[in-house]
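Welcome! Would you like to learn how to read a protein structure, one feature at a time?

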Amino acid sequence: MHVRRSAFTLIELLVVIAIIGVLIALLLPAVQSAREAARRAQCLNNLKQLGIALHTYHDANGTFPLGRTIPSNTSYSAIARILPFVEQTTVADALNFDHAWSDAANQTGSTTNLQLLLCPSDTAEIPAGWGGTNYRGNEGNSVVMWHGQSDTGNVNAGLPAPNGLFFSSVGIKAADVRDGLSQTAAFSEHILGDFDNTRATRDADTFWPQTYPANADEAVQLCRTMDWRDLQYQRVSDVGAPWTYGYHSTTSYWHSGPPNSVSCMFPPSRIMTVANSRHPGGVNVGMADGSVKFVKDTVNLETWRALGSRNGGEIISADAF
């Protein structure tokens, strides 16, 4: 007697493998999307905590913290100043604000990486000896790096005063935010740099078009038409570190250019560091009232600039984002 054995034919096996491959192809984007949603939620939570700390600092000191100061080697970031209010007292106690941020006495604090300051969507490797941050304070919608007393060369004397929540040597009070705390950005994101000036990375680096804009619109245009791949325009790659340092390439951003566009600097004393992120389609923003929101890349530029202004009198509709 012959026993008949059942088995798959080669064709059937190939069909099953093909079906499994199709299912995996369909499932993988969903899994990746779910993971990114979780990372974005964690990023929003970090911004939420920074927003709460900002108001606790204001309650204790009567103003929001300085964004930076001059001279630059003693310039501390707003983030460094609010650390005690986000349960980071140990790290905050390691900082001595009477010394330069780069002083050996502050090395421990400046080289510490805090999960609160890092967005999980940005997987860039931070070099040893650098404490990184993905979060930055809003300096407004102008292109001024220095203004008034801090503009020692008077190159920005004819430009409007900075109108964000943070600036050099200027402590902003909640009452100064005449547009409303819920209508004004406090913090947003910027990805970490590649720390390598021998290569250009569009979103990570800050570029120098070697031109000099008269206003924000011209800055956007000059930055857009520059070929950022050309290394002659490469300027700063040490971006986002250390978080203690109050400076345009580390802890500040401007609403002059749209989110996820190219960041450019125009020495002397003009700047357009934009908000950007690894989140598909936009950036997270922490508002001055402590709320958080996701703003799409397609946001109208005037709306984005209005979000960066604390006293422009703009009205932002609820469906603007």
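A learner and a teacher now talk through strands, salt bridges and a surface patch.

Q: Before we begin, what kind of model is this?
A: This is a predicted model.

Q: Let's start with strands. Which way do the side chains of strand β6 point?
A: In a regular strand, side chains alternate between the two faces of the sheet. Here, β6 covers residues 263–266: Ser 263 and Met 265 point one way, Cys 264 and Phe 266 point the other way, and all are buried.

Q: Which strands pair with β6, and in what sense, parallel or antiparallel?
A: Take strand β3 (residues 206–207) to begin with: β3 and β6 are paired in the parallel sense over two bridges. With strand β7 (residues 270–272), β6 pairs in the antiparallel sense over three bridges. You can find Cys 264 in both pairings, since bridges link Cys 264 to Phe 207 and to Met 272 in β7.

Q: What should I look at in the hairpin of β6 and β7?
A: Look at the three residues between the strands, and at Ser 269, which takes a positive phi near 70 degrees.

Q: Now to charges. How many salt bridges does the structure hold?
A: Side chains of opposite charge can pair when their charged atoms come close. This structure holds seven salt bridges. One of them joins Asp 122 and Arg 278, with the closest N and O atoms 3.9 Å apart. Asp 122 sits in the loop between α4 and β1, and Arg 278 in the loop between β7 and β8, so this pair ties together parts that are 156 residues apart in sequence.

Q: Are Asp 122 and Arg 278 buried or exposed?
A: Asp 122 has a relative accessible area of 10%, so Asp 122 is buried. Arg 278 counts as partly exposed because its relative accessibility is 42%.

Q: Which other salt bridges can I look up?
A: Try Asp 203 with Arg 202, where the closest N and O atoms are 2.5 Å apart. Another is formed by the side chains of Asp 227 and Arg 229, at 3.5 Å from N to O. There is also a network: salt bridges that share partners join Asp 217, Glu 302 and Arg 305.

Q: Finally, which residues form the nonpolar patch on the surface?
A: The patch is formed by Ile 11, Val 15, Ile 19, Val 22, Leu 23 and Leu 26, which together have about 600 Å² of accessible area. Ile 11 is placed in helix α1 (residues 10–61), and Ile 11 counts as exposed because its relative accessibility is 64%, over the 50% cut-off.

Note on methods: Residues numbered from 1 in each chain as written. Predicted model: local features only at pLDDT ≥ 70, side-chain atom pairs only at ≥ 80, totals over all residues. Heavy atoms only, no water. Patch = residues over 30% accessible without salt bridge, like charges linked within 9 Å, V, L, I, M, F, W, Y side chains within 5 Å. Areas by Shrake-Rupley, 256 points an atom, 1.4 Å probe, with all protein chains shown as cover. Salt bridge = Lys/Arg side-chain N within 4 Å of Asp/Glu carboxyl O. Helix = DSSP H or I, 4+ residues; strand = E, 2+ residues; numbered from the N terminus. Buried < 20%, exposed > 50% of the residue type's maximum accessible area, 1.4 Å probe, protein only. Pairing = 2+ DSSP bridges.
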